[in-house]
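This report describes a structure with two chains in view, going from the contact between them to single residues. Please keep the structure open while reading.

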Amino acid sequence: MIGFLLRRLAWFALTLWSVVTVAFFLMRAAPGGPFSVERSLAPSIEAALRSRYHLDWPMWKQYLAYIGPFDLGPSGWIHGDGSHPFAGVLSGDFGPSFKYRDFSVNDVLAQSLPVSLELGLAALCFAVVIGVSAGLLCALFPRGKLDLSLRMAATAGIAIPNFVLASLLILLFVFLIPIFPVAGWGGPSHLILPAVALGTPVAAYIARLVRAGLFDALSQDFVRTAVAKGMPTRVIVLRHALRQGLLPVVSYLGPAAAGILTGSLVIEKIFFIPGTGQHFVNSALNRDYTLAMGVTILYTALVFGLNTLVDVIYTLLDPRIPLEEA
Amino acid sequence: MTLAGRARRWLWTAPAAVLLAGFAWAIAVAGRSHLPGADFTFNNNSEVSTLDPALVSSIPEGRILRALSEGLVIRDPETLAILPGAAATWETADEGRRWTFHLRPGMRWSNGNQLTVADFAFSFQRLLLPATASPYASFLFAVVGAKEYHAGRGAAGAASWNDVGIKTLDPLTLEFQLESPRPYFLHLLASTALLPVHMQSLQAMRQRFPDSWTTQWLRPENLVCNGPYTLASRRINDRIRLAKNPRYWDADNVAFESIDALAVEHGGTALNMYLTGGCDWIDGNVPPLYVNQMLGREDFRPKASPYLGLYFYRLNCTKPPLDDARVRKALAFTINREEVCEKLLKAGQEPCYTFVPWGKLGSYESPLAENASVPLARRLLGAAGYNKDHRVPPLSIHYNTAESHRDIAEVIAHTWNQTLGMQVGLANQEWKVWLDSQTRLDYQISRSSWIADYPDASSFLGVFTSDNPNNRTGWKNAAFDDLMARSEREADPEQRNLLLYKAERILQDEMPAIPIYSYVAQNVVNPRLGGFGNNPLNEQNPKFWYWKDDDELWQDRRKRVSSMRIVDAPGPTAGLYSKAARKARGS
């Protein structure tokens, strides 16, 4: 187990480094910059701003400065002219945000990530509970009316884009039956509609995976043995078959959770939620180099971490799968 | 069963337990982070980029800054007339070249420090310092020596603050020495760039946080301000909470104890929030789809709210065929602006033929546009050497990705095709790419807009001087530059208007850009809100806001045209008035 995790950690460092490098140069290759605004700055002012953020340095130097606390400038990188220098990602400092100029990238992420985690967890719970129950029902009563309607619902859930679903939910539960606030972030009541909108496609996907997985498991020998031994159906399904039927769900949930926990631009826009999702798109549009890098690193770490977790859970669910090969 | 086996048997339920625990946590945290509602909530359209007045550049920041700070003078929200702010009185001498301001005695910052002219002088010096890199340093360039100081050179070689014509005569008296009279100097002083910052706390923060003072001094716990409100809390992309500043000199005239400024970017969401009582004022952004439904409501009156904004097309005057003024004019003469305004925009925007929106601003009136017609446009094209056999090469309109820009460009391209037989393509670009190609003159026709910095015609005409970085058309005209420069120095308002008039004439004759329509302000505002001004800058001052009681609300409704649809006016039926107003009303 320890060896496995250490190996993973090494791979993680390598992956992160390549992602950071590619993202760094891609960001800077895009036309325009953080200081191009509609009301143009005088050239001298733009030059002053660029030098404050060291954008006038050669690219390799900017890259090294971004990566780590190397002393590069004649005035010293760490303690320059008081113009908000930063220590580099290796020391956990993602630098100042270009767009939210009163905040550092660390501030922006520290404020928005808990919101996204909160919403994401609620959405995940909704998705798992609804998805697994629906899948279970489908597998237990295959090809019946219930199965058919649930499968249709699942297909619809995958096919309907979340902004359409969000608008429908708002129309239904805000304007027709006014029980939820239309948008905003604060009380638990603000959580429900966005969590449902965010979780529905995942629930639908899980339902299909559970149905297929369980279907497969129920026709296997160990189930037949259990039935022959006179085990109650509840125990067979919940303890034995479901454990195997959930395997595909678990492997799907890793990356899906990373996506859900980091938020969604569309949902955050429609429900006015101060989460991380919008930063993924807006930081690139704003050429907020540092914030874009910050969210990229965050996402990479989450995907990698959750995938590792999935591999560990895998061996717990099915002891036949060795950890080393996962 | 072994212990490991037993553990393994139950371990697989761990993820489920984690999920459930997470859910419980989510609900608990959601309950805790809830902020009780403010007395007044409005949508500020986007997250402010900074609260540093020297660096602020757009409208959302201005709304917050006007609550937090007060400059020497302020503007009346209804008429935009200059009112005393931190300065109680002022006088001008030497034909408008010398201005002396007298501060109110006994004013205090929110931390209790005395507010003196030293704070103002410090703030102005900071604005001009090259290291501040303020985009608005030019607002002080009328002051003797300011331009040189900003460029880092003074009379004796190195820049010296002593050479700049801003002098503190005593703790309450501040004097400006201008190079030439500026009729709009008071309006510049009322702008957000010239708001004061608290000298001591800025310097203390610099000492305490040498690495991060630029952000530290603006945090709610550190920001010291002199306006009607203080910064209570701030969450990115959510809200800024403002709390009444008890140390503000005119606190008795401030009604609301707390104000929330939301950062809703999505127009539909903002409107939904307004309609369900989630906020009391939203500005702009009413999705065109809903404009028809909203028109006629008493809380949405764009047609009565002209706004100093101009929608226009920049033309690249450096490349053929648009380097020929005749071609540019032919294009300008054939645009069907009425169709754009009435069929696409619908909210009362006016077709515009002048470079100053609405054709007039204060005492200035734009020259009447040439009587344009399609035959005239065709003749102009012919004179430029284009005819049936020798067609104008294909053109393309660049716009930043947005539905409304695309619709307008489609209509215009179609018109040019129908009337002049031109091939006009559309090219949409992501915002920064579009800005970049405009700056590099890598376009033929490019969608643009401009909003007044201060209510004066020069704010619009000045864009097209040769050295203005906002020109972005490649058009240079020495006669125009000369007229604009002379208008800057002219003291007599009538003479000055004449110079500006002549300058705009040249623009109309040369057409480096094509005006298309004038903006309207699209406020949707709770009818109960009092002190909300309908002015062409759409500039509001939170100091004046209050809730009307039912009596006052109905009196106001009676005064207005009766054809308007009465809508809900949520809020306290007994109103919410300032202490001074309550006294005056005898309650």
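Where chain A meets chain B, 58 residues of chain A and 55 residues of chain B take part. Two residues are in contact here if their C-beta atoms, placed from the backbone, lie within 7 Å. The model is a predicted one, in which local features need pLDDT of at least 70 and side-chain atom pairs count only at pLDDT 80 or more, while totals for chains, interfaces and linings use all residues. Residues are numbered from 1 along each chain as its sequence is written, and chains are lettered from A and ligands numbered from 1 in the order in which they are written.

On the side of chain A that touches chain B, the elements giving two or more residues include helix 2 (43-52), helix 6 (162-176) and helix 7 (189-218) of chain A. Helix 4 of chain A gives the most, nine residues. Helices (H or I, at least four residues) and strands (E, at least two) are DSSP runs, numbered from the N terminus. Sorted by class, this side of chain A has 33 nonpolar, 15 polar and 10 charged residues. Ala, Val, Leu, Ile, Met, Phe, Trp, Tyr, Cys and Pro count as nonpolar, Asp, Glu, Lys and Arg as charged, and the others, Gly among them, as polar.

The largest nonpolar core has 172 residues, and those that touch the most other members include A:Ala123, A:Ile206 and B:Leu140. Such a core is a set of buried Ala, Val, Leu, Ile, Met, Phe, Trp, Tyr and Cys residues joined through C-beta atoms within 7 Å. A residue is buried if 20 or more other C-beta atoms lie within 10 Å of its own, exposed if 12 or fewer, and partly exposed in between, with C-beta atoms placed from the backbone. Helix 4 (residues 105-140) of chain A supplies the largest share of this core, 19 residues. Apart from this core lies another, of 64 residues, with B:Leu315, B:Leu322, B:Cys352 and B:Ala503 among them.

Chain B as a whole has 20 helices and 24 strands. Its radius of gyration is 27 Å, close to the 25 Å that the globule rule gives for 587 residues, so chain B is as compact as a globular protein of that length. The radius is taken over C-alpha atoms, and the rule is 2.2 Å times the number of residues to the power 0.38. Along its principal axes the C-alpha trace of chain B spans about 90 × 80 × 65 Å. Of the 587 residues in chain B, 47% are buried.

One open sheet of chain B is formed by six strands in the order 15-21-14-20-18-19, with mixed pairing. Two strands pair if DSSP finds at least two bridges between them. Strand 15 and strand 19 (424-429) of chain B are the edge strands, since each pairs on one side only. Inside the sheet, strand 14 and strand 21 of chain B pair in the antiparallel sense over six bridges, and B:Leu310 has B:Ser518 in strand 21 as its bridge partner.

Edge strand 15 (residues 350-351) holds B:Glu350. This residue counts as partly exposed because it has 18 C-beta neighbours inside 10 Å. Leaving out residues up to four places away in sequence, B:Glu350 touches B:Cys341, B:Trp358, B:Tyr517 and B:Ser518.

Some backbone angles of chain B stand apart from the usual pattern. Most residues other than glycine have a negative phi, and most peptide bonds are trans. The table lists three residues with a positive phi.

| Residue | Phi | Place in chain B |
|---|---|---|
| B:Asn45 | near 75 degrees | loop between strand 1 (40-43) and helix 3 (59-68) |
| B:Met511 | about 50 degrees | loop between helix 18 (493-510) and strand 21 (513-520) |
| B:Asn237 | near 60 degrees | hairpin of strand 10 and strand 11 |

B:Asn45 counts as buried because it has 21 C-beta neighbours inside 10 Å. B:Met511 counts as buried with 25 such neighbours. In the hairpin of B:Asn237, three residues lie between the strands; strand 10 (residues 229-235) and strand 11 (residues 239-244) pair in the antiparallel sense over six bridges.

The peptide bond from B:Pro320 to B:Pro321 is cis, with omega near 5 degrees. B:Pro321 lies in the loop between strand 14 (306-315) and helix 11 (325-334) of chain B.
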